[in-house]
Amino acid sequence: MFIFKKKEELSRFLERQTDFLGKTGFVPTMGALHEGHVSLVRESKQAGLFTTCSIFVNPAQFNNADDFAKYPITIEKDIEMLAKAGCDVLFLPETSEIYPENEPPAPHYPLGFLETVWEGPKRPGHFQGVCRVVEKLFRTVSPAHAFFGLKDYQQCMVINRLVQLMGWEQQLKLHLCPTWREPDGLAMSSRNMRLNEQERKTAPAIFRELSYIKQHLAPGDTQPLVHSCTEKLVQEGFVPDYLGLAHAETLEPVTVWDGKMPLVCLAAAFLGTVRLIDNLVMNNE
Ligand code: AMP
């Protein structure tokens, strides 16, 4: 696996891989890798793509300084996992490489409604920060394919919008990949390693409630079901930011379901100081 720290060097190297014209894959991450991240690299490799992964803890997308300061870093292990998964290139930039001091002010990405719901108001500026780094990374790597996890469901919709805003639909195909879970249902996340033993035992309750909603969802008023599941999370010790149903593409909140509209249930809750997010598509079978 080739490792680059400078964007110009990486771009030049990738431009020389002419055998892989149109067959390049990209997996952006913030490191502290787990099987969920590795599954994205494997998908890219299985599609026969020359695969670049980036590890960069992006300060611009953290709206909570403590969360940024405590973000886990396990670079040696990450390199081992990526090499084992067959990743071709790792981009490992310093912050100053992505955000040089003389940079013009950050652009504003018109994300519209998408930024006003769910994670949007809870994490002001977060999706702007995500777009800012992903645009820079896409411009450096120029991939033909990019892989993102549906674990961050709203982020997937935002990246889709970013690709439209940049006019990249023809040259870049997005692959939105399934969420990898621990055997007890907890969605894999780098933040899980910050849970203490008791919190780790409690954490799968989010997926249990999402699954319960999926099982019991019926046309009509969905609020009693959703409220009772939110209440169960509170009883387990969570402090929920939200638990709710949304249109699976627009993310518009849905309280009365017509029995047909594609739905996703989105959840975010604190367990101690750790904020967990998860989601489940409701009517996909
Ligand atoms: P992160 O390092 O958290 O920024 O995540 C990097 C990429 O991995 C994003 O596209 C995430 O959605 C994806 N990802 C994170 N956790 C999982 C998971 N449990 N299953 C699948 N993909 C994931």
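In the predicted model, strands β10 and β11 pair in the antiparallel sense over eight bridges. The two strands form a hairpin with two residues between them, and in this hairpin Gly-272 adopts a positive phi near 60 degrees. Val-274 of β11 is the bridge partner of Leu-271. Strand β11, which comprises residues 274-281, is mostly covered, with seven of its eight residues buried.

Strand β10 also contributes to the largest nonpolar core, as one of the elements that supply two or more residues to it. This core has 44 residues, and those with the most contacts inside it are Val-134, Phe-138, Phe-148, Ile-159, Leu-251 and Leu-266. Besides β10 (263-271), the elements giving two or more residues are α1 (7-15), β4 (89-91), α7, β5 (145-149), α8 (153-166) and β8 (239-247). Helix α7 gives the most, with eight residues. A second, separate core of 27 residues includes Leu-195, Leu-217, Val-226 and Val-254. In soluble globular proteins, nonpolar side chains tend to be buried together.

Helix α7 was examined further. The helix runs over residues 126-141, and its 16 residues should span 22 Å at 1.5 Å a residue; the end C-alpha atoms are 22 Å apart, which agrees with that expectation. Of these 16 residues, 14 are buried, and α7 is thus described as mostly covered. The helix is followed by Ser-142, which has a positive phi near 45 degrees. Phe-138, one of the residues with the most contacts inside the largest core, touches Phe-26, Pro-143, Ala-146, Phe-148, Ile-159, Val-163, Trp-168, Leu-172 and Leu-174 when residues up to four places away in sequence are not counted. Two of these partners, Phe-148 and Ile-159, are likewise listed among the residues with the most contacts in that core.

Helix α2 offers a second case. Its 12 residues, 35-46, reach 16 Å from the first C-alpha to the last, close to the 16 Å expected at 1.5 Å a residue. The buried residues of α2 are Gly-36, His-37, Val-38, Ser-39, Leu-40, Val-41 and Ser-44. The elements that cover these buried residues include β2 (24-29), β3, α4 (75-85), β5 and β6 (173-177). Gly-48, which follows α2, has a positive phi near 80 degrees.

Strand β3, named above among the elements covering α2, spans residues 50-55 and contains Ser-54. Ser-54 has a relative accessible area of 1% and therefore counts as buried, since the cut-off is under 20%. With neighbours within four places in sequence left aside, Ser-54 is in contact with Phe-26, Val-27, Pro-28, Thr-29, Leu-90, Phe-91 and Leu-137. Phe-26 also appears among the residues touched by Phe-138.

Arg-123 lies in the loop between α6 (119-122) and α7. At a relative accessible area of 12%, Arg-123 is buried. Apart from neighbours within four places in sequence, Arg-123 is in contact with Gln-61, Phe-62, Asn-63, Asp-67, Arg-191 and Arg-275. Val-41 is separated from Arg-123 by 82 residues in sequence and by 28 Å in space, C-alpha to C-alpha.

Aromatic side chains were considered next. The structure holds 11 aromatic pairs. In one of them, Phe-2 and Phe-13 are tilted, at 4.8 Å centre to centre and with 45 degrees between the planes. Because Phe-2 lies in strand β1 (residues 2-4) and Phe-13 in helix α1, this pair ties together parts that are 11 residues apart in sequence. Phe-2 has 46% relative accessibility and so counts as partly exposed, whereas Phe-13 is buried, with a relative accessible area of 9%. Phe-62 and Tyr-71 form an edge-to-face pair, at 5.6 Å centre to centre and with 80 degrees between the planes. Both Phe-62 and Tyr-71 are buried. Phe-62 is also one of the residues in contact with Arg-123.

Phe-2 and Phe-13 further belong to one aromatic cluster, together with Phe-4, Phe-20 and Phe-50. An aromatic ring also lies beneath a charged group: the charged end of Lys-232 sits over the ring of Tyr-212, 3.9 Å from its centre.

Methods:
Residues are numbered from 1 along each chain as its sequence is written. This is a predicted model: local features need pLDDT of at least 70, side-chain atom pairs count only at pLDDT 80 or more; totals for chains, interfaces and linings use all residues. Side-chain values use heavy atoms; hydrogens and water are left out. Helices (H or I, at least four residues) and strands (E, at least two) are DSSP runs, numbered from the N terminus. The expected span of a helix is 1.5 Å times one less than its number of residues. Buried means under 20% relative accessible area, exposed over 50%, partly exposed in between (1.4 Å probe, protein chains only). A nonpolar core is a set of buried Ala, Val, Leu, Ile, Met, Phe, Trp, Tyr and Cys residues joined through side-chain atoms within 4.5 Å. Contact means heavy atoms within 4.5 Å. Two strands pair if DSSP finds at least two bridges between them. Rings of Phe, Tyr and Trp (its six-membered ring) pair if their centres lie within 6.5 Å; planes under 30 degrees apart count as stacked, over 60 as edge-to-face and the rest as tilted. A charge sits over a ring if NZ of Lys or CZ of Arg is within 6 Å of the ring centre and within 35 degrees of the ring normal.
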